[in-house]
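Here are my notes for anyone opening this one for the first time. Have the viewer ready and take the points in order.

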Amino acid sequence: MMRRAPEDPTRTRRDAPPWRWLGTPSPPRYGRWTALFGLVMLAGLLVLIGGRVPTPALSTEDGMATHAPVLAAVRVTPRSEAERETVLTRAIDVWSEHVAEPTLDVVLDPEGLAWLHTQGLAWQVLVPDVEAVAAAERERLEAVAVAEAQRPPTPDQWFSEYRDLPAIHAYLEDLAALRPDLATVQTLGTSLQGRPLLALRIHGQGGGQAGGQGESQHQPRRRMLIDSGLHAREWISMMVTTCVADRLVRGYADDPRLRRFVDEVELVVLPVSNPDGYEHSWHRDRYWRKNRRDEHGVDLNRNFGLAWGGEGSSDKPASQVYRGSAPFSEPESQAIASAMEAERFDAHVDFHSYGQLLLHPWSHTKKPAADHAYLHALAKDMGDAIRAQHGERYRLIAGASLYPAAGTLMDWAYGTRGTPSFVIELRPRGGTGFVLPPEQIRPTCDEGLAAVLALAEGLAP
Ligand code: 0X9
Ligand code: ZN
């Protein structure tokens, strides 16, 4: 059942913390006339590019109708570093960054859009009204919740829609109950607000001792970790890892390739690495990224203790890449690190969205990793396997070549544990960003599963 926390009906995203990727934020101010002027400008611009202009009405306490500024997600192509910085300072939110192209996906208010137009920069609209897209998704989910209260989803229907934290956690328990001989639920730690970081350990019938004897006598068992949801708004990632677990547990009996994987690889699946943030994204703010530390949150993927504090992270709490007060200041990153220290993992994938990318170390430096060729080859195996599913291309690139990011889980896992570690940025390539149509959950799961299988099969003996 989808619940919405009671909200001030006059609250708009402008009341939300001003998000800036880097730098010191200052709260955007909108007078009614400025907003209307902005809307008119936006209308003109969108009509020029053939877009539609939604104008959500809000009622104020005195009953007068006013309009929230329409926030649009746009892909901008800056021509210089200075231009990139200026676009970032104008952004209400930053969704994605590709230094190589170079492009930036940012959320702008009407004034920002008008400014963009005057600069002569190349840009295209990804989402003309990000709040309208989130509202449509919310309405759809509410309707699904009503329907499913009458008729609960079958396991197959479960993956036809996005699921909230309690549903994902219950699903993991169901999988373990279905095949207790194959899988066990485990709590890896507890979030800041006290929610469990629940994982499914798919240990196979060998009993879960990597390095011991599984069913296969040919090679020692491997151990892999896949996680998702470090970033709360990347909902497709939580669905994909849950779905990978589902395919392996249910497919074990009949699919020889899945059976072989389960027999040879012990897989720990952590679908929601940031449970507080995920709850917040479901019930308060669809585009929330960080954990729920104080009002601002911490970007968990800048909080790990390798190269913490370096380029591509921020010491400003309002930044979307705020690194926290110290390495591992957050219980969620601590829990993941402790789980990876408690036993040896032969491979790790951290699922994110969006962009259709296969990223390998390093994230924090452009210096090639010592195992660059090996890591790139593994990423290529995954990319080929993904493409064989539905023809979708995922681009291979070292993290820092996309943009630098210090204090990431991938770098920590590789740099301190020696574990081949990857970030997979799932669908879409651009499009609707974090709000991916639910029909794409299953095909994106096919891609995630193909990548995990290919990675296991490609590991050096
Ligand atoms: O920035 C991140 O933490 C990840 N991308 S996301 O859009 N999902 O936020 C990617 C981190 C991988 N490393 C680099 N791109 N350097
Ligand atoms: Zn992410």
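1. Before anything else, keep in mind that this is a predicted model. A good place to get your bearings is the open sheet, built from 8 strands in the order β7-β8-β10-β9-β11-β14-β12-β13, with mixed pairing. The edges belong to β7 (183–190) and β13 (395–398); each has a single partner strand, so one side of each has no neighbour in the sheet. On average, neighbouring strands are turned by 20° against each other, direction ignored.

2. Now pick out β9, residues 222–228. Are its residues buried or exposed? The strand is mostly covered, with 7 of its 7 residues buried. In a regular strand, side chains alternate between the two faces of the sheet. Here Arg222, Met224, Ile226 and Ser228 point one way, while Arg223, Leu225 and Asp227 point the other, and all of them are buried.

3. What flanks β9? One partner is β10 (residues 265–270), paired with β9 in the parallel sense over 6 bridges; look for Ile226 opposite Val269 there. Another is β11 (residues 347–353), which runs parallel to β9 and is joined to it by 5 bridges. In that pairing, Asp227 stands opposite Asp350.

4. Towards the β13 edge, have a look at β12 (residues 357–360). β12 pairs with β13 in the parallel sense, over 4 bridges, and Leu358 sits opposite Leu396 of β13.

5. Helices pack on this sheet too. α7 (235–251) touches β7, β8, β9, β10, β11 and β14 (421–426), and its direction makes about 145° with that of β9. α6 lies across β7 and β8, running at about 30° to β8.

6. Next, the metal. Which residues coordinate the zinc ion (ligand 2)? The donors are His231 through ND1, Glu234, listed twice through OE, and His352 through ND1, at 2.0 to 2.3 Å. Along the sequence, the donor residues follow the spacing H-x2-E-x117-H. The two histidines link distant parts of the chain: His231 is in the loop between β9 and α7, His352 is in strand β11, and they are 121 residues apart. Both His231 and His352 are buried.

7. Don't skip helix α9 (residues 275–283). Why call it largely enclosed by the rest of the structure? Because 9 of its 9 residues are buried. Among them are Pro275, Gly277 and Trp282, along with Asp276, Glu279, His280 and His283. The buried residues of α9 pack against α4 (130–150), α6 (165–178), β8 (196–202), α7 and α10 (331–342).

8. Last stop: a helix pair. Two packed helices are described by the angle between their axes and the distance between the axes. For α11 (residues 372–390) and α14 (residues 441–458), the angle is about 145° and the axes are 8 Å apart. α11 passes α14 in a right-handed crossing. On the α11 side, the contact includes Tyr374, Leu378, Met382 and Ile386; on the α14 side, it includes Pro443, Ala450, Ala454 and Leu455. The residues of this contact divide into 10 nonpolar, 3 polar and 3 charged.

How values were computed: Residues numbered from 1 in each chain as written. Chains lettered and ligands numbered in written order. Predicted model: local features only at pLDDT ≥ 70, side-chain atom pairs only at ≥ 80, totals over all residues. Heavy atoms only, no water. Buried < 20%, exposed > 50% of the residue type's maximum accessible area, 1.4 Å probe, protein only. Pairing = 2+ DSSP bridges. Axes fitted to C-alpha atoms, helices over the stretch in contact; angles between N-to-C directions. Left-handed = near helix turned anticlockwise from the far one by under 90°. Contact = heavy atoms within 4.5 Å. Nonpolar A, V, L, I, M, F, W, Y, C, P; charged D, E, K, R; others polar. Donors = N, O, S within 2.8 Å, 3.2 Å for Na, K, Ca; no water.
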